[in-house]
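Good morning, and thank you for coming. I would ask you to look at the sequence and the structure together while I speak.

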Amino acid sequence: MNNPMNNKTNKVLLVTFQDNTDVVGLKYIHSYLRGHKIESYMLLLPHYRENDNYKIAKFIKDINPAVMGISLMSDEFFYAKEFTSFIKNEFPGLTVVWGGIHPSIAPAQCLEYADFVFMGESEVAFMEYVEAVFANKPTLSILNLAYKTGDKIVINEARPYIDDLDILPFPEHMPSDSFILHKNRIREMNKSIFEKYARYSGKFYSLLSSRGCPFSCSYCSNSFYAKLYGTSKVRHRSVHNIIEELTMAVAAYPDIIYISIQDENFFYSDIKWMQDFADQYKKAIGGKGFVCSTAPNNVNEEKLSMLRKIGLSWITMGLQTGSQKINREIYRRFMSNETFVTAALQIKKFNIPCLYDVILDNPYETESDVIETIKVLLKIPRPFMLQLFSLCFYYGTEIYEKASKDRILFEDPRKKSYTKYSNTYLNKVIRLTPLLPGRFIMWLVNNRKGKLSFCINLVFLPALFIVEPFVWIVMIFISFDCNVFSTIRMMSSFFNTGFRKVALRK
Ligand code: B12
Ligand code: SF4
């Protein structure tokens, strides 16, 4: 195959392996480049397989980029490695740059394959790099950049966080000039393909109203960023700027059902900012529902009341563990169970359905720690649902350093699936906690070692297949203020997301 660099162009190709189109960070990079008149293309490779390489190579030859940027999380490392090795072989002169969370936390590992790595927030730094490449200027002193020279890894200083996020062009729901690997071919993105891959059929619009989190939980990448930047400051966009983005999005995509606020901790915003947001949201976006995440510490009735009135429909909040000791000493989360339960009761008071995150498979947890989690979950009001994650020891995080020092054996975070938690008795009980009566849950806990422990297997599947869908329907119904039509419409998007995820896998 010809090397595109023989015929140098001023084009950038941005690649992702994520299985959905919700690639917020990469969309920001794309918009920033395009906003600065740089010809940027996006290529989405969901469910990428080695066999796809030659089809992709043909597409790359046609586009002929000067720089290829790949965005990756840890679990996409091996796709990026395989793909980059192929590309370097096929197009030896094409510069391949990696960015995103994994290259940020593990640059040396990534530089085994990528020519350069960008660490941290990179809109400005990457654009400077691209402009330098186009102008044949030196690039090695660009901030955020890491590279290898001989055996040595050089990591340049991080550019300070962008304080004024309003300078960033809006990311696009369905990015312009984007292409996708669909049904064995690279196709130009269009609405129908987009809806197949977007989460909830594209009916959720992802918004980042702020960047950063004031906390620094040991398992979260924010504990790494706090070290990299020497601060955990949260930066907010102006309300005016957010509303402008939403107004445009809702006009362009009238079938959007929800605004999905992707901020780590939306309730962290101060009350004055929130009041302003509520007023302008109500005026400009009307009754459109929105969903967000929060830490329990930042929930209060004033904020709940204000946001419920303008459409707050779902909340995601982390418990992670009911063991105070694990929370404090291992997760470095200084959030008490009382605070969590109080927040859950307040959320219930405003009739907002809530999803609670719980981390399973923590080798530092004893059986009694896990039982503490079950007990806390039994104190919160129903209906609710759990999002259960198997603990991943991501590189660069505080918990990774600790577990490595303590010689704890853990799975390679690049290979581990965070959704595949182990099938232990107590993990099953946790899964059943929102579905079955509290007394029965405690009975299962107390009989876990006795002759009756087999009973859990009798109730497990019926609860999952009969009770769980029912709880979901009730929660969706509540989220739409008991509107039957909206509930049915939403359920079809949920169904499509689940169904297509399975059907689109080759
Ligand atoms: C919003 C969010 C999501 C959204 C959107 C994800 C997305 N890709 O944008 C959704 C809900 C889909 C999601 C899902 C998941 N997420 Co998530 N998510 C986040 C969150 C809270 C914010 C990400 C964000 O938008 N940040 C703001 C943007 C602007 O930053 P950014 O994405 O990092 O991009 C910037 C830089 O990284 C860089 N960059 C990015 N790509 C590239 C490419 C190039 C070429 C260059 C030069 C630079 C560059 O520049 C960008 C702009 O400044 C982060 C936490 C965090 N602090 O990052 C977790 C986080 C990214 N998620 C994480 C995980 C684990 C997941 C899940 C696997 C499960 C889960 N537990 O949530 C799923 C699976 C996703 C999938 N593969 O489909 C982990 C990743 C850990 C890791 N080491 O891989 C994080 C870091 C949270 C954590 N646990 O620490 N997530
Ligand atoms: S509160 Fe959530 S986003 Fe913030 S550091 Fe902890 S886990 Fe990460």
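**Helix packing, domains and ligand surroundings**

Helices H16 and H18 are oblique to each other. Their axes cross at roughly 40° and come within 11 Å. The handedness of this crossing of H16 and H18 is left-handed. On the H16 side, the contact is made by Tyr 425, Lys 428, Val 429 and Leu 432, and on the H18 side by Ile 456, Phe 460 and Ala 463. Sorted by class, this contact of H16 with H18 has 6 nonpolar residues, no polar ones and 1 charged residue. For orientation in the sequence, H16 covers residues 425–432 and H18 covers residues 455–479. I should state at this point that the model before you is predicted.

Let me turn to the division of the chain. Which domains does the assignment give? The domain assignment gives domain 1, residues 11–155, and domain 2, residues 198–503. The C-alpha centres of these two domains lie 31 Å apart. Where they meet, 13 residues of domain 1 are in contact with 14 residues of domain 2. On the domain 1 side, the elements that give two or more residues are helix H3, residues 77–90, and H4. That side of domain 1 has 7 nonpolar, 4 polar and 2 charged residues.

I continue with a second pair of helices, H1 and H6. H1 spans residues 24–35 and H6 spans residues 123–134; their axes come within 10 Å and cross at roughly 50°. That angle makes H1 oblique to H6. The crossing of H1 and H6 is right-handed. H1 brings Tyr 28, Ile 29, Tyr 32 and Leu 33 to the contact, while H6 brings Glu 123, Phe 126, Met 127 and Val 130. By class, the contact of H1 with H6 has 7 nonpolar residues, no polar ones and 1 charged residue.

The third pair is H14, residues 367–379, and H17, residues 438–446, which pack at an angle of about 170° with their axes 11 Å apart. Are H14 and H17 roughly parallel or roughly antiparallel to each other? At that angle, they are roughly antiparallel. Their contact is made by Ile 371, Ile 374 and Leu 378 of H14, together with Gly 438, Ile 441 and Val 445 of H17. The contact of H14 with H17 has 5 nonpolar residues, 1 polar residue and no charged ones.

I come now to the ligands. Around ligand 1 there are 37 residues, of which Gly 25, Gly 69, Ser 71, Met 73 and Gly 99 come nearest. The elements giving two or more residues to this shell are H1, strand E3 (67–71), strand E4 (95–99), helix H4 (101–105), H6 and helix H8 (221–229). Which element gives the largest share of the shell around ligand 1? The largest share comes from H1, with 5 residues. By class, the shell around ligand 1 has 17 nonpolar, 14 polar and 6 charged residues. Domain 1 and domain 2 each give at least three residues to the shell around ligand 1.

Ligand 2 has around it Cys 213, Phe 215, Ser 216, Cys 217, Cys 220, Asn 222, Glu 264, Asn 265, Ala 295 and Gly 318. Of the residues in the shell around ligand 2, 5 are nonpolar, 4 are polar and 1 is charged.

That concludes my presentation; thank you for your attention.

Terms used: Residues are numbered from 1 along each chain as its sequence is written. Chains are lettered from A and ligands numbered from 1 in the order in which they are written. This is a predicted model: local features need pLDDT of at least 70, side-chain atom pairs count only at pLDDT 80 or more; totals for chains, interfaces and linings use all residues. Axes are lines fitted to C-alpha atoms, for helices over the stretch in contact, and angles run from 0 to 180 degrees between N-to-C directions. Helices (H or I, at least four residues) and strands (E, at least two) are DSSP runs, numbered from the N terminus. Angles under 35 degrees count as roughly parallel, over 145 as roughly antiparallel, 65 to 115 as roughly perpendicular and the rest as oblique. A crossing is left-handed if the near helix is turned anticlockwise from the far one by less than a right angle, and right-handed if clockwise. Two residues are in contact if their C-beta atoms, placed from the backbone, lie within 7 Å. Ala, Val, Leu, Ile, Met, Phe, Trp, Tyr, Cys and Pro count as nonpolar, Asp, Glu, Lys and Arg as charged, and the others, Gly among them, as polar. A residue is near a molecule or strand if its C-beta atom, placed from the backbone, lies within 6 Å of it. Domain bounds come from an automatic or database domain assignment.
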